[in-house]
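Please open the structure in a viewer and keep the sequence panel visible beside it. This tour proposes one selection after another and describes what is found at each stop.

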Amino acid sequence: MVLSELLAPAGSYDILVVAINAGADAVYIAGHRYGARAFAHNFTSEEIEKAVKYAHLNGAKIHVTVNTLFNTSEILDVLKYIQYLYRIGVDAVIVQDIGLIYLINKFLDIEVHSSTQMTLRDYNSILWAKDEGIKRVILPREMPIEEIKTISEKLKQDNIKMDLEVFGHGSLCYCISGDCYMSSFISGRSANRGACAQPCRSQYKLKYNNHSIGNGCLISTKDLATFKNVKDISDAGILSLKIEGRLKSEDYVATVVHTYREMIDHMNDDDNSQLISQLQEDLDLTFNRYYTNGYILDDTPGDVMGRESSFHQGLYLGKIKSINGDKVDIIFEDENHLTLEQGDGIGFKHNNHIRGIYLDKIIEQDKNHILIETTRDLREQSEVYISYSKKL
C-alpha cells in the first residue's frame, strides 16, 4: 500500500477551497453539530453541499466528522443527519461512537472511518473494525511506526483490506487518543462532546510535600511534524496522511498542505535536502509550539513535551540592543535570518512573556541589525522572534 491521500482540515468553506488548491486529495469538515471541534466556524448544510460539489469537481473527497459521543435522545437526529450526508454525496463519515456505527450499518449505506478516539491500535481491534463494516481505521497518535508496519504486513499477509490513516502534522493531545476528561472535570466543557477547553495548554505548579518542584506548561506537547519522513510512513502501509487543524487559519492550512504535497510528490527522490530546508522555514513561520517527530517516529516523551511554552513563538532573530525613545535597534544573532518587511509580525520575549507587534515602520536594515519605530513598552536585551510573515 502506498501513501495516496493527503487529508487536510477545513473549518470553513473558504479554507476548504484553499486546502484543495494547495494540493489536498481530501478534506475533512464538520457541520454545526456532532463534530469534535465545536468552536470552529464549521459548515452549514448548504455549505457542506457546496463543499462536496467543489471537491468532486476538483477530484477531491469530503469526509465529515460525526465523532462525538451521543446521548440516546440524539440518535434519531444523528441518523437523519448522516442520511442527508449520504444523499448529497459525502464520501465518508468519521465516527467514534460504537453504537452509531452499528446503526449506520443497519440502516444506512455510507463509508465509515473509525475516529482515532476509538483507540483501535492492534491487529485484533482492526479485525473487529472490519467485521463492523469500517472501511478505514484512523490510528492513535501514540503508535510507533514499527507497530503500524507489523499490523499492515499482517493484514496484507491475511488478505484483509483495511485502509490505515495517521496524523502527520499539527497539535498533539497529552492524553491517549484524545479521550480526555480533564476539560470536562475542570470546566464542564467535554472534549468528547466537541467542547475541549484545552487545559493541557495552561500553566501549572508541581508540588511535592508542599515544596514547589516545577512550574510551566507541564502537560503541553509540542506540535507534530513528520514531513521529512513521509516515505517511511508510506512504506509502513499508511494510505492517508492527516493534517490536524480545523481551528487553524487559511495561511496555516495553505502552507502545511503545500509542504506535505511537495514532500509526498518527491518522496522517492534521491536527495530532497534542499526542498526540506525551504519547507522547514515556511513551517516555522506558521503557528507551532515547536516541532516533534512524535511517538509515531519514536521520539521520547521528553522530546514530545513542550513544557516551556504553549503558544507560537516563531523564528529567533536576535535581541534588542538599545531603545532610544520610540526607536528600537535589534541585533540579528541568526546568520540565516529572514529579511523583515512591513506587515510582518514580530514578538519581544521578556521574562517568558511575549509582546507582539506588526511592523509598520522600518527605519533601516542590513545583515547585522534592523532599526524600527514603535511605541510599544519594551526592554533592552529582550529576545526577538518573527512570528508572522506577510510574504508567506
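Is Asp-25 buried, partly exposed or exposed? Asp-25 has a relative accessible area of 26% and is therefore partly exposed. Please bear in mind throughout that the model is a predicted one.

**First stop: a link across the chain**

Keep Asp-25 selected and add Arg-261. The two residues form a salt bridge, in which the closest N and O atoms lie 3.0 Å apart. This pair connects distant parts of the chain, with the two positions 236 residues apart in sequence numbering. Asp-25 sits in the loop between helix H1 (13-22) and strand S2 (26-29), while Arg-261 belongs to helix H9. Arg-261 counts as buried because its relative accessibility is 16%, and the limit for that term is under 20%. As a general matter, side chains of opposite charge can pair when their charged atoms come close.

**Second stop: the whole chain**

Now clear the selection and display the chain as a cartoon. The chain contains 11 helices and 19 strands. Its radius of gyration is 23 Å, close to the 21 Å that the globule rule gives for 392 residues, so the chain is as compact as a globular protein of that length. Along the principal axes, the C-alpha atoms fill a box of roughly 75 × 55 × 45 Å. Of the 392 residues, 52% count as buried. Among contacts with a separation of 6 or more, 68% are between residues 24 or more positions apart. Switching to a surface view shows the outside, where the chain exposes about 19,000 Å², with 47% of that area supplied by carbon and sulfur atoms.

**Third stop: the nonpolar cores**

Select Leu-16, Ile-29, Val-66 and Leu-85. The largest nonpolar core has 89 residues, and these four touch the most other members. Helix H9 (residues 250-265) provides the largest share of this core, namely seven residues. Next, centre the view on Ile-29. Beyond residues up to four places away in sequence, Ile-29 touches several partners, including Ala-10, Leu-16, Phe-43, Ile-48 and Arg-246. Then move to Val-328, Ile-330, Ile-372 and Ile-386, which are included in a second, separate core of 17 residues.

**Fourth stop: Val-137 and its surroundings**

Which strand holds Val-137? Val-137 is found in strand S6 (residues 136-138). Val-137 is buried, because its relative accessible area is 0%. Leaving aside neighbours within four places in sequence, Val-137 is in contact with Ser-114, Leu-120, Ile-126, Ala-129, Met-162, Asp-163, Leu-164 and Glu-165. Select Met-118 as well: the C-alpha atoms of Val-137 and Met-118 are 9.1 Å apart in space, and the two residues are 19 apart in sequence.

**Fifth stop: further charged pairs**

Asp-163, one of the contacts of Val-137, is a convenient next selection. Asp-163 forms a salt bridge with Lys-161, with 2.5 Å between the closest N and O atoms. At a relative accessible area of 4%, Asp-163 is buried. For another pair, select Asp-326 and Lys-327, whose side chains meet in a salt bridge (3.9 Å, N to O). Asp-326 is partly exposed, with a relative accessible area of 29%, and Lys-327 is likewise counted as partly exposed, at 35%. Elsewhere, Glu-5, Arg-136, Glu-165 and Lys-242 are joined into one network by salt bridges that share partners. The whole structure holds 16 salt bridges.

**Sixth stop: a nonpolar patch on the surface**

Return to the surface view and select Tyr-181, Met-182, Phe-185 and Ile-186. Together they make a nonpolar surface patch of about 470 Å². Ile-186 lies in helix H7 (residues 182-187). Ile-186 counts as exposed because its relative accessibility is 55%, and the term requires over 50%.

**Last stop: two positive phi values**

Most residues other than glycine have a negative phi. Select Asn-159, where phi is positive, near 60°. Asn-159 is in the loop between helix H6 (145-157) and strand S7 (163-170), and is exposed at a relative accessible area of 71%. Finally, where is Gln-381 found? Gln-381 is in the loop between strand S18 (369-373) and strand S19 (383-388). Gln-381 is not a glycine, yet has a positive phi of about 70°, and with 51% relative accessibility Gln-381 counts as exposed.

Terms used. Residues are numbered from 1 along each chain as its sequence is written. This is a predicted model: local features need pLDDT of at least 70, side-chain atom pairs count only at pLDDT 80 or more; totals for chains, interfaces and linings use all residues. Side-chain values use heavy atoms; hydrogens and water are left out. A nonpolar core is a set of buried Ala, Val, Leu, Ile, Met, Phe, Trp, Tyr and Cys residues joined through side-chain atoms within 4.5 Å. Buried means under 20% relative accessible area, exposed over 50%, partly exposed in between (1.4 Å probe, protein chains only). Helices (H or I, at least four residues) and strands (E, at least two) are DSSP runs, numbered from the N terminus. Contact means heavy atoms within 4.5 Å. Patches are made of residues with over 30% relative accessible area and no salt bridge: like charges are joined within 9 Å, nonpolar side chains (Val, Leu, Ile, Met, Phe, Trp, Tyr) within 5 Å. Accessible areas come from the Shrake-Rupley method with a 1.4 Å probe; for residues, only the protein chains shown count as cover. A salt bridge is a side-chain nitrogen of Lys or Arg within 4 Å of a carboxyl oxygen of Asp or Glu. The radius of gyration is taken over C-alpha atoms; the globule rule is 2.2 Å times the number of residues to the power 0.38.
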